[in-house]
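User: I should like to learn how to read the main features of a model, one at a time. Please give me the general idea first and then the case at hand.

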Amino acid sequence: VKIRLRRDGAKKRPFYHVVAADIRRARDGRFIEELGYYNPMVAADVEPILELKEERVRYWLGVGAQPSDKVAALLRKKGILPSAETPAGA
């Protein structure tokens, strides 16, 4: 199971749903549960909108779901995942 973004919205105006889905399914295909949404298309002076069901996200992470790279970055920004530490010697 992977926590990833499912694209929605119009052409050149993306809107994403954060979902828990089987890794074998298509990006916009069937999913297990919707966990929130992410809207990157807001005014330049406003931060992109990210709404999550934090309790359910923590549940899926607890049972072994892996977030995609972009979702992991969003979860770190929201404070759900710990910040990525710099590797030793870097």
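User: In the hairpin of strand 1 and strand 2, which residue takes a positive phi near 65°?

Analyst: A strand here is a DSSP run of type E with at least two residues, a helix is a run of H or I with at least four, and both are numbered from the N terminus. The residue in question is K12, in a hairpin that has two residues between its strands. Please keep in mind that this model is predicted, with local features requiring pLDDT of at least 70 and side-chain atom pairs pLDDT 80 or more, while totals for chains, interfaces and linings use all residues. Residues are numbered from 1 along each chain as its sequence is written, and side-chain values use heavy atoms, with hydrogens and water left out.

User: How many helices and strands does the protein chain have, and in what order do the elements run?

Analyst: The protein chain has two helices and five strands. Read from the N terminus, its elements follow the pattern β-β-β-β-α-β-α. Taken along the principal axes, the C-alpha atoms fill a box of roughly 45 × 35 × 25 Å.

User: What is the order of the strands in the sheet?

Analyst: Two strands are said to pair if DSSP finds at least two bridges between them. In this model, five strands form an open sheet in the order 4-3-2-1-5, and the pairing is mixed. Strand 4 (49-52) and strand 5 (66-67) stand at the edges with a single partner strand each, so each has one side left without a neighbour in the sheet.

User: Which bridges hold strand 1, strand 2 and strand 3 in register?

Analyst: Let us go pair by pair. Strand 1 and strand 2 are antiparallel and share nine bridges. Within that pair, A10 has R13 of strand 2 as its bridge partner, and G9 stands opposite P14 of strand 2. Strand 2 and strand 3 are likewise antiparallel, with five bridges; here Y16 is bridged to Y38 of strand 3.

User: How do the edge strands join on, parallel or antiparallel?

Analyst: One case of each is found. Strand 3 (residues 33-39) pairs with strand 4 in the antiparallel sense over four bridges. Y37 has E51 of strand 4 as its bridge partner, and G36 stands opposite L52 of strand 4. Strand 1 and strand 5, by contrast, run parallel and are joined by two bridges. The bridge partner of I3 in strand 5 is P67.

User: Where do the helices lie relative to the sheet?

Analyst: Contact means heavy atoms within 4.5 Å. Axes are lines fitted to C-alpha atoms, for helices over the stretch in contact, and angles between N-to-C directions run from 0 to 180 degrees. Helix 1 (residues 54-62) lies across strand 1 (2-10), strand 2 (13-21), strand 3, strand 4 and strand 5, and runs at about 120° to strand 3. Helix 2 also packs on the sheet, touching strand 1, strand 3, strand 4 and strand 5, with its direction at about 95° to that of strand 1. Helix 2 spans residues 69-78.

User: Which strands are largely enclosed by the rest of the structure?

Analyst: Burial is judged by relative accessible area with a 1.4 Å probe on protein chains only: under 20% is buried, over 50% is exposed, and values in between are partly exposed. Strand 2 is largely enclosed because seven of its nine residues are buried. Strand 3 is largely enclosed too, because five of its seven residues are buried. Over the protein chain of 90 residues, buried ones make up 31%.

User: Is I80 buried or exposed, and with which residues is it in contact?

Analyst: I80 is found in the segment after helix 2 and is buried, having a relative accessible area of 9%. Setting aside its neighbours within four places in sequence, I80 is in contact with L52, E54, V57, R58, L61 and L75. I80 and Q66 are 14 residues apart in sequence, and their C-alpha atoms are 13 Å apart in space.

User: What share of the contacts in the protein chain joins residues 24 or more positions apart?

Analyst: Among contacts with a separation of 6 or more, such residues account for 31%.
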